[in-house]
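Here is a short walk through one model, written for someone who likes to check contacts by eye. Have the viewer open and follow along.

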Amino acid sequence: MEPLEIRLLDEWFKNLRRWGTYNRKWWPTLEQAKKIGQICNEAQPQFFIEVGTGNGITASYVAAYGFKVTTFDPADRPKVYLDETFPLKHLHKSITFINQPVEECLNSWICSHKVVWSIDGLPGEKSIASYLRTIRPLANKGDLI
């Protein structure tokens with residue numbers, strides 16, 4: 001059985017998907033975001049780093065599993081975890097949104113603990129290759145990308 005926080009998110013997101021603000025075709029589906037949260041729950045990293053925040057659904061699921069989230073995006077879009085109706089208001093304290101490209105600031109942030117990295121695959125192969133060039137030298141043995 002899933003934790004209460006995950007069930008609350010599932011129910012809230014089910015209703016949220018009817019709204020236009022956070023629903024964009026290029027953002028992850030609820031199933032994809034939840035799967036990333038489950039991967040973190042299995043891998044037990046100290047940190048989850050997301051490149052490409054979008055609407056914050058993935059960050060919300062990962063934080064609901066109890067992990068610290070740092071998410072990078074040069075575009076500052078509305079985030080679900082800041083919505084006034086969001087059911088788990090305390091989660092936004094676990095999520096750090098950095099409104100800059102990951103390449104500009106990751107070197108000063110990275111730690112020596114286990115990390116699960118999530119790269120938004122929609123910007124295209126060229127962007128993903130650029131992100132990987134930034135991340136690979138900083139990744140630790142045992143990290144998941």
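A residue is called buried here when its relative accessible area is under 20%, exposed when it is over 50%, and partly exposed in between. Keep in mind that this is a predicted model.

With that cut-off in hand, start at helix H3, where eight of the eight residues are buried, so the helix is mostly covered. The buried set runs through Ile-57, Thr-58, Ala-59, Ser-60, Tyr-61, Val-62, Ala-63 and Ala-64. What sits over them? The cover includes the helices H1 and H2 as well as the strands E1, E2 and E3. Just after H3 comes Gly-66, which has a positive phi, near 100°.

H3 also has a place in the chain's path through the strands. Together with E1 and E2, helix H3 (residues 57-64) makes a β-α-β unit, and the unit is right-handed.

Now for the strands themselves. E1 (residues 47-51) pairs with E2 in the parallel sense, over five bridges. On its other pairing, E2 meets E3 (residues 95-98), again in the parallel sense, over four bridges. Phe-72 is a handy residue to click on: it is the bridge partner of Val-51, and it also stands opposite Ile-98 in E3. Is E2 enclosed or open? Four of the five residues of E2 (residues 68-72) are buried, so the strand is largely enclosed by the rest of the structure.

Next, the charged pairs. How many salt bridges does the structure hold? There are five, and the table lists some of them, with the N to O distance for each pair.

| Acidic residue | Basic residue | N to O distance |
|---|---|---|
| Glu-2 | Lys-34 | 3.0 Å |
| Asp-10 | Lys-34 | 2.7 Å |
| Asp-73 | Arg-77 | 3.0 Å |

Take the Glu-2 and Lys-34 salt bridge. That pair links distant parts of the chain, with Glu-2 in the segment before helix H1 (4-16) and Lys-34 in helix H2 (residues 30-43), 32 residues apart. Lys-34 is buried, at a relative accessible area of 16%, while Glu-2 is partly exposed at 26%.

Lys-34 also has a salt bridge to Asp-10, with the closest N and O atoms 2.7 Å apart. Because Asp-10 lies in helix H1 and Lys-34 in helix H2, this pair ties together parts that are 24 residues apart in sequence.

The Arg-77 and Asp-73 side chains meet in a salt bridge of their own, at 3.0 Å from N to O. Asp-73 is buried, with a relative accessible area of 7%, whereas Arg-77 comes out as partly exposed at 28%. Back with the Lys-34 pairs, shared partners join Glu-2, Asp-10 and Lys-34 into one network of salt bridges.

One last stop is Trp-117, in strand E4 (residues 115-119). Is Trp-117 buried or exposed? Its relative accessibility is 3%, so Trp-117 counts as buried. Which side chain does Trp-117 contact through polar atoms? The side chain of Trp-117 makes a polar contact with the side chain of Asp-143, at 3.2 Å. Trp-117 also makes a good check on sequence versus space: Cys-40 is 77 residues away along the chain, yet the C-alpha to C-alpha distance is 9.6 Å.

Notes. Residues are numbered from 1 along each chain as its sequence is written. This is a predicted model: local features need pLDDT of at least 70, side-chain atom pairs count only at pLDDT 80 or more; totals for chains, interfaces and linings use all residues. Side-chain values use heavy atoms; hydrogens and water are left out. Helices (H or I, at least four residues) and strands (E, at least two) are DSSP runs, numbered from the N terminus. Buried means under 20% relative accessible area, exposed over 50%, partly exposed in between (1.4 Å probe, protein chains only). A polar contact is a pair of N or O atoms within 3.5 Å; within protein, one must be able to donate a hydrogen and the other to accept it, and residues adjacent in sequence count only if both atoms are side-chain atoms. Two strands pair if DSSP finds at least two bridges between them. A crossover is right-handed if, with the strands pointing away from the viewer, the path from the first strand over the helix to the second runs clockwise. A salt bridge is a side-chain nitrogen of Lys or Arg within 4 Å of a carboxyl oxygen of Asp or Glu. Contact means heavy atoms within 4.5 Å.
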